[in-house]
Amino acid sequence: SMKRAQRALSLVCVCMMQAQATAFAPSVALRSAGRQPKSVCTGQTLRRRTVTIVQQQRDGRAGASSAGVAADWPELDRLKPFGDNRTPEEFLKDGQKLVEDGFQLAMETPPQVGLRRTLQATRAVLTTGAELLQKFQGIGRAPTTDELLAEVPSTLRRLFELLGATYIKLGQFVASSPTLFPAEYVTEFQKCLDNAEPVPFARIKKIIESDLKKDLSEVFSFVDEKPLATASIAQVHAAKLKTGEDVVIKVQKPGVDSLLTADLAFVAFTTKVLEFLNPEFKRLSLADITGDIRTTMLDELDFTKEAKNMAEFRAFLAASNNKAVMTPDVYPQASSKKVLTMERLYGRPLVDLEAIRAYSLISPEATLITALNTWTASVVGCSSFHADVHAGNLLVLRDGRIDFIDF
């Protein structure tokens, strides 16, 4: 209800005021004594002080201070937005932790990035709305409810693409979860697997040369300016090395690191706010799950880790004598943190049923079972395993083998 929302907002304000008072109390004391504080209190300092208070409470040395919290902040007795049984002291402790986490996430996200991301999101929403309005203007009448509902999947998919990497990843999750989402959404969001908005080659070229610290012509004799595929984080181009090998270059999109940092910080803080307002959400471990997702997605920005994962998977296949599955070779001399150059292989994704039938050595069913068995065995027997196995990351090669990509 509105009253609960107002109370929740008031509670957050109270906790922020208390955290600020705790943080700057030493400065006030120094000024009253005629001295200047040496430094401004930071989130890290506040966190250390909070830990000290908790330790004192455990040792029984802060009983009077804890007992005085309710007296100092009588509002805490009334501000229970979801009717939970936390004491005022527990409210204050959780609120201070929320503020500290918020400060920490804000420190990791430069202000200009957050502002730019807000403007990008606004533009994406306005663009999607204008496209939808233009689509219906041509029919000469107001659209029916069924017509509007029919446009929801494609409109959401378009919005996700405009919002960028984080939301394209979410779209890929929808496309890979037919048991969780309606069929029309799964079908529409499959376009997010490798059909994201392409980046102009001039910008891709700058990233390659900057990250490899070499001119493009020093490494490659040819690079196709038209991308083979464009995904959420990277874009792939066909090329040929100076030594003659046919390769593909996976290049990280410009600005995707700051975009992911801002988006994931917002998601992480939102889950923390939810758990603060309703402790029952802690049973679902929402904050921990989003924290793991955030760590994993930020790790994807380092292509040297992907190259390492591919090498480990290749060694696992060799050790298990699995010749029906493979992963491309990596060329380290043409790879870096934002550029990954790999052997070029020719095949079709597993979403293409006709290609599976044409390339499979035995049957399409046998091909799918082989892929599933290999992945399951890698979970147990490989030091790292592919955690994003959707149809866009599995190819059936012309010789019938299965290719695992995008580690």
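**Exercises: confidence and helix packing**

This is a predicted model. Its average pLDDT is 77, and 77% of the residues score at least 70.

**Exercise 1.** Find where pLDDT stays under 50, and state how many contacts beyond four places in sequence the model has there.

*Solution.*
- The stretch is residues 1–67.
- For these residues the model has 58 contacts beyond four places in sequence.
- Where pLDDT is low, the predicted coordinates should not be read in detail.

**Exercise 2.** Classify the angle between helix H6 and helix H7, then describe their contact.

*Solution.*
- H6 spans residues 145–163, and H7 spans residues 165–175.
- Their axes come within 6 Å and cross at roughly 140°.
- Angles over 145 degrees count as roughly antiparallel, and 65 to 115 as roughly perpendicular. The crossing fits neither range, so H6 is oblique to H7.
- The crossing of H6 past H7 is left-handed.
- H6 supplies Phe160, Glu161 and Leu163. They meet Ala165, Tyr167, Ile168, Leu170 and Gly171 of H7.
- By class, the residues of this contact are 6 nonpolar, 1 polar and 1 charged.

**Exercise 3.** Do the same for H7 and helix H11 (residues 256–277).

*Solution.*
- The axes of H7 and H11 cross at roughly 70° and come within 8 Å.
- The range for roughly perpendicular is 65 to 115 degrees. H7 and H11 are therefore roughly perpendicular to each other.
- On H7, the contact uses Ala165, Thr166 and Tyr167. On H11, it uses Val256, Leu259, Leu260, Asp263 and Leu264.
- The residues of the H7 contact with H11 divide into 6 nonpolar, 1 polar and 1 charged.

Note on methods
Residues are numbered from 1 along each chain as its sequence is written. This is a predicted model: local features need pLDDT of at least 70, side-chain atom pairs count only at pLDDT 80 or more; totals for chains, interfaces and linings use all residues. Side-chain values use heavy atoms; hydrogens and water are left out. pLDDT is the predictor's confidence in each residue, from 0 to 100. Contact means heavy atoms within 4.5 Å. Axes are lines fitted to C-alpha atoms, for helices over the stretch in contact, and angles run from 0 to 180 degrees between N-to-C directions. Helices (H or I, at least four residues) and strands (E, at least two) are DSSP runs, numbered from the N terminus. Angles under 35 degrees count as roughly parallel, over 145 as roughly antiparallel, 65 to 115 as roughly perpendicular and the rest as oblique. A crossing is left-handed if the near helix is turned anticlockwise from the far one by less than a right angle, and right-handed if clockwise. Ala, Val, Leu, Ile, Met, Phe, Trp, Tyr, Cys and Pro count as nonpolar, Asp, Glu, Lys and Arg as charged, and the others, Gly among them, as polar.
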